[in-house]
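You asked for a quick look at this one before you dig in. Here are my notes, point by point, for someone opening the structure for the first time.

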Amino acid sequence: MAGAGGVALAQAAQSGGALGSLPCATLSPSALESDLKTLNEASIGPLNVNFFTHSPQPDSPNAQQQWQTSLSDAYKTWGIDPNLSVSGAARSPFNDALCTLIEATPPAVVSFHFGLPEPALVERVKAAGCQVWSSATTVAEARWLADNGADAIIAQGFEAGGHRGLFLDPLTGAEIETDEVGFIAHQVGTLSLVPQIVDAVSVPVIAAGGIADGRGMAAALALGASAVQIGTAFLLTAEATITTMHRDALLSGSAEKTALTNVFSGKPARSAVNEVMRTHGPMSTRVPAFPTAAAALAPLKAAAEAEAKADFSSLWSGQSANLAVKLIQENQTKHQTPSASDLVQWIANDARRVSASCQTF
Ligand SMILES: Cc1cc2nc3c(=O)[nH]c(=O)nc-3n(C[C@H](O)[C@H](O)[C@H](O)COP(=O)(O)O)c2cc1C
């Protein structure tokens, strides 16, 4: 979960018995090298290292200007010059330099979001001894990934928090060049997606999206998944690196209202609904390409956050945040933020209980 966790979260998940994940979409090569060294030396358990594989779009000053003009009222409200020159966080797709670092310290798994990198890079990752996993949001994407070398498919249902791994045009099957707003209407929920992907490919399937307690995990395994991938629930753990505002939004129950939005980055992602999503989205045709939409929001985000307001901040959340809050309340013995290690075990124990009770059917 890029921006929401790092080495500490990966290690705590490993300690609980899960495959720990290191998100690298926003890491510099030197930060990645250092994090891989730390995780490798600690050697607590198997590691997944995750990258984005988007195709960077050429700069479009016109699109940026259009987006900034849309936000001009907000700029004025927050005392910011609407003509301010803006820049936002860069996100590098997986490339030769990052692959070289993976080859030097190979993790068990390298996973990708938004498809796969070019075939030569996939081959290098495999030759280094890593499994290659990637997210599919449709059955067609799952088939494409399996045909192009994925060793396992993460079936990412519509309920999932954060960015959709969407990378094929849902109508034509072509690799997408631009993130059409209408694509999102074709996305599929976890209950429907998982068994259809299980039937369509011969590699293992990992269910993701809306799983936040043992009921979801047991259901996903009953649908034929070999494992589950959980994101949102881990935002509530001590090792998550989200802001207090983000954590409060999840804990307050307001994450009952989430929506898929492109306003934060240019690509559709699920967030708890806030001011900028209400005013300009949740999906907008005036947003520039991923990841450049973040640039025009950056000064507004900084100004609002300085007043403890999350009006312009992404509050990534899946649709089941409240299930995680409930699970934590039921299991914690003291009123303190649980470790990701505890959460892994609570969810697994809960899944065993649910699974045992289902056997009486
Ligand atoms: C805060 C946050 C950040 C995420 N960042 C990434 C990421 O960097 N790479 C990725 O492959 N998936 C990312 N995801 C998606 C998760 O991998 C996963 O598909 C999703 O969280 C599962 O659904 P859930 O949130 O309902 O548990 C992110 C999800 C969240 C909530």
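**Notes on the fold**

1. Let's start with helix H7: its buried residues pack against strand S4 (131–136), strand S5 (152–156) and helix H8 (190–200). H7 itself covers residues 139–147, and the buried ones are Glu141, Ala142, Trp144, Leu145 and Ala146. After H7 comes glycine 149, with a positive phi near 110°. Keep in mind throughout that this is a predicted model.

2. Helix H1 (residues 7–15) can be read in the same way. Its buried residues are Leu9, Ala10, Gln11, Ala12, Ala13 and Gln14. They pack against S1, helix H2 (29–42), strand S2 (47–52) and helix H14 (340–358). H1, too, is followed by a glycine with positive phi: glycine 17, near 105°.

3. Now the sheet that S1 and S2 belong to. It is an open sheet of 7 strands with parallel pairing, and the order is S1-S2-S3-S4-S5-S7-S8. Strand S1 (20–23) and strand S8 (227–229) are the edge strands, each pairing on one side only. From one strand to the next, the twist averages 30°. S4 and S5, which we met as packing partners of H7, sit next to each other in the strand order.

4. At one edge of that sheet, S1 and S2 run parallel and are joined by 4 bridges. If you want a pair to look up, leucine 22 has valine 49 in S2 as its bridge partner. At the other edge, strand S7 (residues 205–208) pairs with S8, again in the parallel sense, over 3 bridges. There, alanine 207 is partnered by valine 228 in S8.

5. How many residues of S2 are buried? The count is 6 of the 6, so S2 is largely enclosed by the rest of the structure. Both faces are covered: Leu47, Val49 and Phe51 are buried on one side, and Asn48, Asn50 and Phe52 are buried on the other. Val49, then, is a buried residue as well as the bridge partner of leucine 22.

6. There is another open sheet, this one of 3 strands, with antiparallel pairing and the order S6-S10-S9. Its edge strands are strand S6 (162–163) and strand S9 (258–261), each of which pairs on one side only. S9 and strand S10 (residues 269–272) run antiparallel and are joined by 4 bridges. One pair to find on screen is threonine 258 with its bridge partner in S10, alanine 272.

7. Next, a helix pair. Helix H3 (residues 61–70) and helix H12 (residues 293–306) have axes that come within 9 Å and cross at roughly 35°. The crossing is right-handed. Gln64, Trp67 and Gln68 from H3 meet Ala293, Ala295 and Ala296 from H12. By type, the residues of this contact divide into 4 nonpolar, 2 polar and no charged.

8. Last, the ligand. Which residues are the closest to it? They are Ala160, Gly161, Gly162, Gly231 and Gly318, out of 26 residues that surround the ligand. The shell divides into 11 nonpolar, 14 polar and 1 charged. Gly162 is one of the closest residues, and strand S6 (162–163), an edge strand of the antiparallel sheet, includes its position.

Conventions: Residues numbered from 1 in each chain as written. Predicted model: local features only at pLDDT ≥ 70, side-chain atom pairs only at ≥ 80, totals over all residues. Pairing = 2+ DSSP bridges. Helix = DSSP H or I, 4+ residues; strand = E, 2+ residues; numbered from the N terminus. Axes fitted to C-alpha atoms, helices over the stretch in contact; angles between N-to-C directions. Near = placed C-beta within 6 Å. Nonpolar A, V, L, I, M, F, W, Y, C, P; charged D, E, K, R; others polar. Left-handed = near helix turned anticlockwise from the far one by under 90°. Contact = placed C-beta atoms within 7 Å. Buried ≥ 20, exposed ≤ 12 C-beta atoms within 10 Å, placed from the backbone.
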